[in-house]
Amino acid sequence: MKISYIHRLHGFKAALVYLPVGLILFAGAQAINHKPGVPSGVLAYATSMSLDGLLNATNSQRQAGGLETLQSDKQLTAAAQAKANDMAARDYWSHTTPEGDEPWTFVKKQGYSYSKAGENLAYGFNSSNDTINGWMNSPSHRSNMLEANYQQVGFGFANTKNYDGNGPATVVVAMYGEPASSVLAEDTNNFVTNAGTIRTVSKLDLITDKQTPWLGLMVGLMAGISATVVILKHAAAFRRLVVRGEGFVLHHPLLDIAFVAVAVVGVILTRTSGIIQ
């Protein structure tokens, strides 16, 4: 049967409904793959990572919890930087080295004596604030960072082209310490790590700044339902438009666009922003 001009016109108008949908999908893809401040073709290292930024973000969290701020210590900073360099150079993701050396080995090499110390690890985050927020999303990492007895801290970070098989990343190490004194004797066994506590942190976690597994599940579920509704609703109609050339008019285009937008936002929010240990 020959398709009339009117039918073609209806089909063209209906197809225009997919224009904003396509723009939403395109914008979502760009948001998923984009790292602020990183030009195309440049390795995706952290674009806003600094020792001062990590220290300030940590102390902001401690002040919010009514705790004393931490002072930067040269020996702990050197230990943390040495650990970050070693992890990046030898591509391992663990508190212990491939030879089994514990993290306090790096601290002792710098001559730092402590009565209590600890270490947090992270990689994949784009900024100092995101790294600290990532640690805040894990009870054990948060407890380490907000330990009331700690007085000093050192941070280190290193870039690597392909870390842990996940591409270019910035590895971050934090070393916390309570220095030994005449009152508190040195205790080399009192070193706190989060060994075995590997957790991925999503963009949603960073936005909420809390541990919200139920919220992530809800957003993911809503995104999945929205995407399924759009696919099921338009699969047959779109086939008629493309394969058979029949015109059709969508009854609720704004609702469809909303479903697509929810699905795209859900995917963006539940994507991994970084990994902590």
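A salt bridge is a side-chain nitrogen of Lys or Arg within 4 Å of a carboxyl oxygen of Asp or Glu. The exercises below apply this to a predicted model.

**Exercise 1.** Decide whether R90 and D86 form a salt bridge, and place the pair in the structure.

*Solution.* Step 1: the closest N and O atoms of R90 and D86 are 3.1 Å apart. The cut-off is 4 Å, so the pair qualifies as a salt bridge. Step 2: both residues belong to helix 4, 4 residues apart, or about one turn of the helix. Step 3: R90 is partly exposed at 37% relative accessibility, whereas D86 is buried at 18%.

**Exercise 2.** Find which parts of the chain are tied together by the salt bridge between E119 and K83.

*Solution.* Step 1: the closest N and O atoms of this salt bridge are 3.0 Å apart. Step 2: E119 lies in strand 2 and K83 in helix 4, so the bridge ties together parts that are 36 residues apart in sequence. Step 3: E119 has 0% relative accessibility and counts as buried; K83 is also buried, with a relative accessible area of 0%.

**Exercise 3.** Describe the surroundings of strand 2, residues 114-123.

*Solution.* Step 1: 10 of its 10 residues are buried. Step 2: strand 2 runs antiparallel to strand 4, joined by 9 bridges, and G118 has Y176 as its bridge partner there. Step 3: strand 2 pairs with strand 5 in the parallel sense over 2 bridges, with A117 opposite F191. Step 4: K116 and E147 meet in a salt bridge at 2.9 Å, N to O. This pair links strand 2 to the loop between helix 7 and strand 3.

Terms used. Residues numbered from 1 in each chain as written. Predicted model: local features only at pLDDT ≥ 70, side-chain atom pairs only at ≥ 80, totals over all residues. Heavy atoms only, no water. Buried < 20%, exposed > 50% of the residue type's maximum accessible area, 1.4 Å probe, protein only. Pairing = 2+ DSSP bridges.
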